[in-house]
Amino acid sequence: MAAEIVNPRSESAADHTGHEGGAEPLDSFDPAFALHRGGKMAVQATVPVRDKDDLSLAYTPGVAKVCSAIAEQPELVHDYTWKSSVVAVVTDGTAVLGLGDIGPEASLPVMEGKAILFKQFGGVDAVPIALNCTDVDEIVETVVRLAPSFGGVNLEDISAPRCFEIERKLQERLDIPVFHDDQHGTAVVTLAALRNAARLSKRALGELRAVISGAGAAGVAIAKMLVEAGIGDVAVADRKGVVSADRDDLTAVKRELAGFTNKAGISGSLEAALAGADVFIGVSGGTVPEDAVASMAEGAFVFAMANPNPEVHPEVAHKYAAVVATGRSDFPNQINNVLAFPGIFAGALQVRASRITEGMKLAAAEALAGVVGDDLAADYVIPSPFDERVAPAVTAAVAAAARAEGVARR
């Protein structure tokens, strides 16, 4: 008889299977539940504790020497603790993947997943922290008080527009990188793919007019980054149409957005804005009518990134577009944040950056685009997350940019 293989972490939960009335546990028929039983993470020591000598060095009395040294020279915390190599992944569970406001407990599987991606793709340790509060100032105060334990903060799955204010306030109060990945990670990867699509078509970014569907966290950040990178023009549409200065229903964030986008002064619907546009970027969900896609300029690019259902299905997009990208892994050109955030944080932590600047994000996008190199093709404008060149390239570029911009501390 074969020996039974047991996950040791599952023993404490053996009698708590999440089912009633003697039914089969969810694990028995769904591999996703089987994989998640007991969680996807564990803490592992980096030093041995084999005997009393090891114990006296790792803990008391040896640890007292290190504590005293840090008390006298606080900067030593970076050298003698894990602070400079660990990121807090913070959420309030209000905008989780495509699930929406599901609360902090239900967000934990996603935050654990984010943490293991940090480790797998960037060599960065990360700790999931799901907060049981949604008030902006409460979240800010909580993270500020946790900050001494971490080298950086990755904000995750926090709903707009609160996410903008939370990030801004934390950046003002902390001297470590604070990065909302739903905004900036998406923007970095989108810009990298667009750079390569433009290169493939022998056009400069300055020659392109883009339309973004979605004025939430990702849409606003993409618009800002495209403008910073030199896009010819970009218009952003929300549920009520193009964000323009003549609208009287705009939030503060959208009023700011209207101030630096839409040079052409387009108003009206998303579909109207797409007429003659060179680029469509979807970060909103919904469906774009085929005739609107057909009205785009010849040789257009369609980046339809909603998951699991792209705003424009690739089969439709390919009828009219020269380059098509989605957020899905089962189609070419996946716009996936994992291409950006591990390397961005690894580079920032490597030089003990006090923050992540626009220049660091632009450098990350350029490095990511550069990984494709001479293999550039319509179905390969962005590398795979499993391309081992990605994280080192992004890490080196971000570290160099941090030094160039004066935010590196080593």
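In this predicted model, Pro 308 sits in the loop that runs between β9 (300-304) and α13 (314-320). The peptide bond leading into this proline from Asn 307 is cis, with omega near 0°. Another cis bond joins Ala 160 to Pro 161, this time with omega near 5°, and Pro 161 belongs to the loop between β3 (152-155) and α7 (162-173). Such spots catch the eye because most peptide bonds are trans, just as most residues other than glycine have a negative phi.

The phi rule has its exceptions here as well. Lys 202 is not a glycine, yet its phi is positive at about 55°. Its place is the loop between α8 (181-200) and β5 (209-213), and with 74% relative accessibility it counts as exposed. Asn 333, also not a glycine, has a positive phi of about 60°. This asparagine lies in the loop between β10 (321-326) and α14 (341-350), but at 5% relative accessibility Asn 333 counts as buried.

Moving to the strands, β1 (residues 86-91) and β2 (residues 125-130) run parallel and pair over six bridges. Within this pairing, Val 90 faces Ile 129 of β2. Together with helix α5 (residues 104-122), the two strands build a right-handed β-α-β unit.

His 36, in helix α1 (residues 31-36), comes within 9.9 Å of Gly 113, C-alpha to C-alpha, although 77 residues separate the two in sequence. The histidine side chain makes a polar contact of 3.1 Å with the side chain of Lys 40. His 36 itself is partly exposed, at a relative accessible area of 33%.

What about the inside? The largest nonpolar core gathers 104 residues, and those with the most contacts inside it include Leu 170, Leu 226, Phe 303, Ile 344 and Met 360. Helix α15 (residues 358-372) is the top contributor to this core, giving ten residues. Leaving aside residues up to four places away in sequence, Ile 344 touches Phe 179, Val 188, Ile 356, Ala 364, Val 394 and Val 398. A second core, separate and made of 21 residues, has Ala 235, Ala 237, Val 242 and Ala 321 among its members.

Charged side chains come next. Opposite charges can pair when the charged atoms come close, and a search of the whole structure turns up 23 salt bridges. In one of them, Glu 156 and Lys 114 have their closest N and O atoms 3.2 Å apart. Glu 156 lies in the loop between β3 and α7 while Lys 114 is in helix α5, so this bridge ties together parts that are 42 residues apart in sequence. Both of these residues, Glu 156 and Lys 114, are buried.

Asp 175 and Arg 409 also meet in a salt bridge, at 3.4 Å from N to O. Here the reach along the chain is 234 residues, from the loop between α7 and β4 (178-180), home of Asp 175, to the segment after α16 (390-404), where Arg 409 is found. Asp 175 is partly exposed at 47% relative accessibility, and Arg 409 is partly exposed at 42%.

A further bridge joins Glu 290 to Lys 319 at 3.1 Å, N to O. It links helix α12 (residues 290-294) with helix α13, the two residues being 29 apart. Glu 290 is partly exposed at 32% relative accessibility, whereas Lys 319, at 54%, counts as exposed. Finally, Asp 238, Lys 240, Arg 247, Asp 249 and Lys 254 are joined in a network of salt bridges.

Definitions and conventions. Residues numbered from 1 in each chain as written. Predicted model: local features only at pLDDT ≥ 70, side-chain atom pairs only at ≥ 80, totals over all residues. Heavy atoms only, no water. Pairing = 2+ DSSP bridges. Helix = DSSP H or I, 4+ residues; strand = E, 2+ residues; numbered from the N terminus. Right-handed = clockwise from strand over helix to strand, strands pointing away. Buried < 20%, exposed > 50% of the residue type's maximum accessible area, 1.4 Å probe, protein only. Polar contact = N/O pair within 3.5 Å; in protein donor to acceptor, adjacent residues only side chain to side chain. Core = buried A, V, L, I, M, F, W, Y, C linked by side-chain atoms within 4.5 Å. Contact = heavy atoms within 4.5 Å. Salt bridge = Lys/Arg side-chain N within 4 Å of Asp/Glu carboxyl O.
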